[in-house]
Amino acid sequence: MRGFSSVFKRELRGYFSTPLAYVLLVIFLFFSSFLTYKNGFFQVGRASLQLFFANFPLLFTFLVPAIAMRLWAAERRTNSIELLFTLPITTGQAVLGKFVAALSFIALALGLTFPMVIMVAYLGNPDPGPIITGYVGSLLMAGCYLAIGSFFSALTRNQVIAFVLAVVGCSIFLFAGSPTVLDYLSTVLPMGLVEGIETLSFRSRFDSIQRGVIELGDVAFFVVLTAGWLWANVALLEERRTAE
């Protein structure tokens with residue numbers, strides 16, 4: 001546990017030691033608000049953050065890989081990963097420490113959007129259920145994006161390549177349930193397989209949660225998928241650690 005705590009603190013401090021963290025926070029806050037207003041927030045006629053949360057699946061596709069790209073790529077590029085693994089710490093503790101630190105940073109970014117909640121409460125009498133589940137679903141979805149980004153960061157020394165690969169990987173899950181994609185796949189794949197691909201859609205799972213109802217299946221989907229990518233991350237690093 002001490003090893004996890006050391007990596008967590010080191011990684012979290014690292015985010016705020018460079019301007020990148022502050023730039024990402026400003027970009028996220030700006031676009032999450034701008035897209036909400038652009039999509040007709042004041043024309044809806046009801047006190048709701050549905051339009052606000054609806055932007056998160058696409059925003060996270062770029063924001064989270066930008067946060068995750070440095071997790072392991074920077075360590076490998078500077079060879080500091082060798083120093084990290086000389087410490088009395090397991091690969092799993094290192095991966096989990098970095099993951100939780102990055103997820104904490106994302107939670108901070110979500111917390112900074114709280115003025116939107118205050119504004120909606122001022123404008124009307126919103127149902128707190130969808131707002132709470134919207135934030136819970138956002139963090140669960142961000143965890144999945146982050147686990148994918150962490151894996152690809154461990155795959156290469158180049159942060160830009162890690163970012164691009166993570167964006168592609170996240171986009172696959174984001175658009176898996178898109179009607180256009182499903183219509184095309186139905187022409188080349190069996191219907192049972194197409195229906196299976198549709199269940200992998202981040203957007204449909206997130207939309208289900210942010211409507212105010214948290215179903216065990218949706219939560220399990222995000223948790224299991226996050227755990228799977230983190231396990232792959234550990235396995236990849238173990239293989240490289242043994243080879244080196």
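A residue counts as buried when its relative accessible area is under 20%. Glutamate 11 has a relative accessibility of 3%, so it is buried. The model described here is predicted.

**Glutamate 11 and helix H1**

Glutamate 11 belongs to helix H1, which covers residues 2-15. Apart from residues up to four places away in sequence, glutamate 11 touches Arg70, Leu71, Glu75, Lys98 and Ala101. Phenylalanine 52 is 41 residues from glutamate 11 along the chain, and the C-alpha atoms of the two are separated by 29 Å.

Lysine 98, one of the residues that glutamate 11 touches, also takes part in a charge-over-ring arrangement. Its charged end sits over the ring of tryptophan 72, 4.9 Å from the ring centre. Tryptophan 72 is in turn among the residues touched by asparagine 233.

**Asparagine 233 in helix H14**

Asparagine 233 is placed in helix H14. Its relative accessibility is 0%, so asparagine 233 counts as buried. When residues up to four places away in sequence are set aside, asparagine 233 touches Trp72, Val95, Ser150, Phe151 and Ala154.

**Helices H13 and H14**

The structure contains 22 aromatic pairs. In one of them, the ring centres of phenylalanine 202 and phenylalanine 222 are 5.8 Å apart and the ring planes are at 55°, so this pair is classed as tilted. Phenylalanine 202 is in helix H13 (residues 202-210) and phenylalanine 222 is in helix H14 (residues 216-243), so the pair ties together parts 20 residues apart in sequence. Both phenylalanine 202 and phenylalanine 222 are buried.

The buried residues of H13 are Phe202, Arg205, Phe206, Ser208, Ile209 and Gln210. At the N-terminal end of H13, serine 201 acts as a cap, with a side-chain oxygen 3.4 Å from the backbone nitrogen of arginine 203. Following H13 is glycine 212, which has a positive phi near 115°.

Arginine 205 has its charged end over the ring of phenylalanine 221, 4.6 Å from the centre of that ring. The side chain of arginine 205 also makes a polar contact with the side chain of aspartate 218.

Which residues does aspartate 218 contact, leaving aside its neighbours within four places in sequence? They are Arg205, Ser208 and Ile209, and these three names also appear among the buried residues of H13. Aspartate 218 is itself located in helix H14. With 6% relative accessibility, aspartate 218 counts as buried. Aspartate 218 and serine 208 are 10 residues apart along the chain, and their C-alpha atoms are separated by 7.8 Å.

The polar contacts of two buried side chains, those of aspartate 218 and asparagine 55, are listed below.

| Side chain | Partner | Distance |
|---|---|---|
| Aspartate 218 | Arginine 205, side chain | 3.1 Å |
| Aspartate 218 | Serine 208, side chain | 2.9 Å |
| Asparagine 55 | Leucine 51, backbone oxygen | 3.2 Å |

**Asparagine 55 in a loop**

Asparagine 55 is in the loop between helix H3 (50-54) and helix H4. Is this loop residue buried or exposed? Its relative accessible area is 8%, so asparagine 55 is buried. The side chain of asparagine 55 reaches back to the backbone oxygen of leucine 51 at 3.2 Å. Not counting residues up to four places away in sequence, asparagine 55 touches Ser32, Leu35, Thr36 and Asn39.

**The cavity**

Rolling a probe the size of a water molecule over the atoms shows where empty space is left. Searching the whole structure gives one cavity of 30 Å³ or more. The volume of the largest cavity is about 40 Å³. Its lining consists of Tyr15, Thr18, Leu20, Ala21, Leu24, Ala66, Ile67 and Arg70. Two helices, H2 (19-38) and H4 (56-68), each supply at least two of the lining residues. H2 gives the most, with three residues. Arg70 of the lining is also among the residues touched by glutamate 11.

**Valine 168**

Valine 168 lies in helix H10, which spans residues 159-174. Its relative accessible area is 46%, so valine 168 is partly exposed. Glycine 124 is 44 residues from valine 168 in sequence, and the two are 39 Å apart in space, C-alpha to C-alpha.

Key:
Residues numbered from 1 in each chain as written. Predicted model: local features only at pLDDT ≥ 70, side-chain atom pairs only at ≥ 80, totals over all residues. Heavy atoms only, no water. Phe/Tyr/Trp six-rings, centres within 6.5 Å; stacked < 30°, edge-to-face > 60°. Helix = DSSP H or I, 4+ residues; strand = E, 2+ residues; numbered from the N terminus. Buried < 20%, exposed > 50% of the residue type's maximum accessible area, 1.4 Å probe, protein only. Lys NZ or Arg CZ within 6 Å of the ring centre and 35° of its normal. Polar contact = N/O pair within 3.5 Å; in protein donor to acceptor, adjacent residues only side chain to side chain. Contact = heavy atoms within 4.5 Å. 1 Å grid on protein atoms, 1.4 Å probe; cavity = no way out; pocket = protein on both sides within 12 Å on 5 of 7 lines; lining within 4 Å. Points joined across faces, edges and corners; volume = space filled by probe spheres on them.
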